[in-house]
Amino acid sequence: MATIIAPSILSADFAHLADDVKKVTDAGAEYIHVDVMDGSFVPEITLGATVIKDLRKVTNAVLDVHLMVEHPETQLESIAKAGADIITFHAEATPHAHRVIQKIHELGCKAGVAICPGTSLSAIEELVEFADMILIMTVNPGYGGQKFIESMLGKIHMLYHMIDEMETECDIEVDGGINAETSVLAREAGANVLVAGSAVYGAADVAKAIKDIRGTEIVHHHDDDE
Ligand code: DX5
Ligand code: ZN
């Protein structure tokens, strides 16, 4: 699967969001990763449907919305109407993950399910066949600029095999501490959608940073990678 780059605007300048979105899409980024935080599931508060609606007006890129909120079901309709393309919620934030996926699909969006580093794959095993994307957090959600947790690579690889064995289509997104070096490890493990905040927006040359994170294509062989 071709690699998709999703710069996280969490590390952008919120007073100049339109410029910062254009900067990364001009450089070839396919997705714009939008981190929604509620001050409860995670400590900080960022933005919601109002800002997403305005972002929709300034870009044709896929708006990849990452809900770090309790009760995600309360946000789905307004965020879908605001123009989100993909809505990803945390499995830890609702007892009704399957229903949330159904609702996201009814609203015409793709559905992603995220799990924190401390959550096992078993939490999403029953959801893989229904979800369009699984987001494996490679840091604890809440802040940009944290260090990639290497022990998540095994989880990514197990998920890659699970999807392969189920003969279903499901993207594997990674989020947290992704840079040119950790991108190689995550892609080797099977991730195909790479979120990067500080490594993109903190770089002097944004286009080069995106190119370096994309790297060269990794070919997965079904037999020899275990
Ligand atoms: C963290 C957010 C990430 C964050 C990643 O909770 O979900 O999307 O922006 O930032 P970096 O790439 O700097 O780790
Ligand atoms: Zn995120």
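## Zinc site, ligand and helix packing in a predicted model

The side chain of T46 reaches the backbone nitrogen of M37 at 2.9 Å, and a polar atom of that T46 side chain also lies 2.7 Å from the backbone oxygen of D35. These distances, like every other value in this report, come from a predicted model. T46 has its place in the loop between β2 and α2, and, not counting residues up to four places away in sequence, T46 touches L10, D35, V36 and M37. At 23% relative accessibility, T46 counts as partly exposed, because buried is reserved for residues under 20% and exposed for those over 50%. The C-alpha atom of T46 is separated by 18 Å from that of G83, a residue 37 places away along the chain.

### The zinc ion and ligand 1

Which residues coordinate the zinc ion (ligand 2)? The donors are H33 through NE2, D35 through OD, H66 through ND1 and D175 through OD, at 2.1 to 2.3 Å. Along the chain these donors follow the spacing H-x1-D-x30-H-x108-D. The site of the zinc ion (ligand 2) has six donor atoms with angles of 71 to 170° among them, and the site is octahedral. Of the coordinating residues, H33 is buried at 0% relative accessibility, and D35 is also buried, with a relative accessible area of 5%.

Ligand 1 is surrounded by 20 residues, of which the closest are S8, G142, D175, G197 and S198. D35 and D175, both named above as zinc donors, also appear in the following table of polar distances to oxygen atoms of ligand 1.

| Residue | Part of the residue | Distance to an oxygen atom of ligand 1 |
|---|---|---|
| D35 | side-chain N or O atom | 2.8 Å |
| D175 | side-chain N or O atom | 2.8 Å |
| G197 | backbone N or O atom | 2.7 Å |

### Helices α1 and α6

Helix α1 spans residues 17-26, and its buried residues are L17, D20, V21 and V24. Seen down the axis of α1, these buried residues fall within an arc of 100°, so they line one face of the helix. The face turned away from this buried side carries the exposed residues D19 and D26. What covers the buried residues of α1 includes the strands β1 (4-7) and β2 (31-37), together with the helices α2 (49-58), α7 (198-201) and α8 (206-214). Just after α1, G28 takes a positive phi of about 100°.

Helix α6, residues 180-189, has T182, S183, A186, R187 and A189 as its buried residues. Viewed along the axis of α6, the buried residues fall within an arc of 155°, so they too line one face of their helix. They pack against α5 (152-165), β7 (171-175), β8 (193-196) and α8; helix α8 is likewise among the elements that cover the buried residues of α1. At the N-terminal end of α6, N179 acts as a cap, with a side-chain oxygen 2.9 Å from the backbone nitrogen of E181. Just after α6, G190 takes a positive phi of about 125°.

### Loop residues

T94 lies in the loop between β4 (86-90) and α4 (97-106). Is T94 buried or exposed? At 9% relative accessibility, T94 counts as buried. The side chain of T94 makes a polar contact with the side chain of E73 at 3.4 Å, and it also reaches the backbone nitrogen of H96 at 2.9 Å. Leaving aside neighbours within four places in sequence, T94 is in contact with P72, E73, F89 and V100.

Most residues other than glycine have a negative phi. Against that background, H71 has a positive phi, near 50°, in a residue other than glycine, and its place is in the loop between β3 (62-68) and α3 (76-82). E167 likewise has a positive phi of about 50° although it is not a glycine. E167 is found in the loop between α5 and β7, where it is exposed, with a relative accessible area of 73%.

Methods:
Residues are numbered from 1 along each chain as its sequence is written. Chains are lettered from A and ligands numbered from 1 in the order in which they are written. This is a predicted model: local features need pLDDT of at least 70, side-chain atom pairs count only at pLDDT 80 or more; totals for chains, interfaces and linings use all residues. Side-chain values use heavy atoms; hydrogens and water are left out. Buried means under 20% relative accessible area, exposed over 50%, partly exposed in between (1.4 Å probe, protein chains only). Helices (H or I, at least four residues) and strands (E, at least two) are DSSP runs, numbered from the N terminus. The arc is that of the directions from the helix axis to the C-beta atoms. Contact means heavy atoms within 4.5 Å. Donors are N, O and S atoms within 2.8 Å of the metal (3.2 Å for Na, K and Ca); water is not among the atoms, so sites may look incomplete. Four donors count as tetrahedral if all angles lie between 85 and 135 degrees; four count as square planar and six as octahedral if opposite donors are over 155 degrees apart and all others between 65 and 115; anything else is irregular. A residue is near a molecule or strand if one of its heavy atoms lies within 4 Å of it. A polar contact is a pair of N or O atoms within 3.5 Å; within protein, one must be able to donate a hydrogen and the other to accept it, and residues adjacent in sequence count only if both atoms are side-chain atoms.
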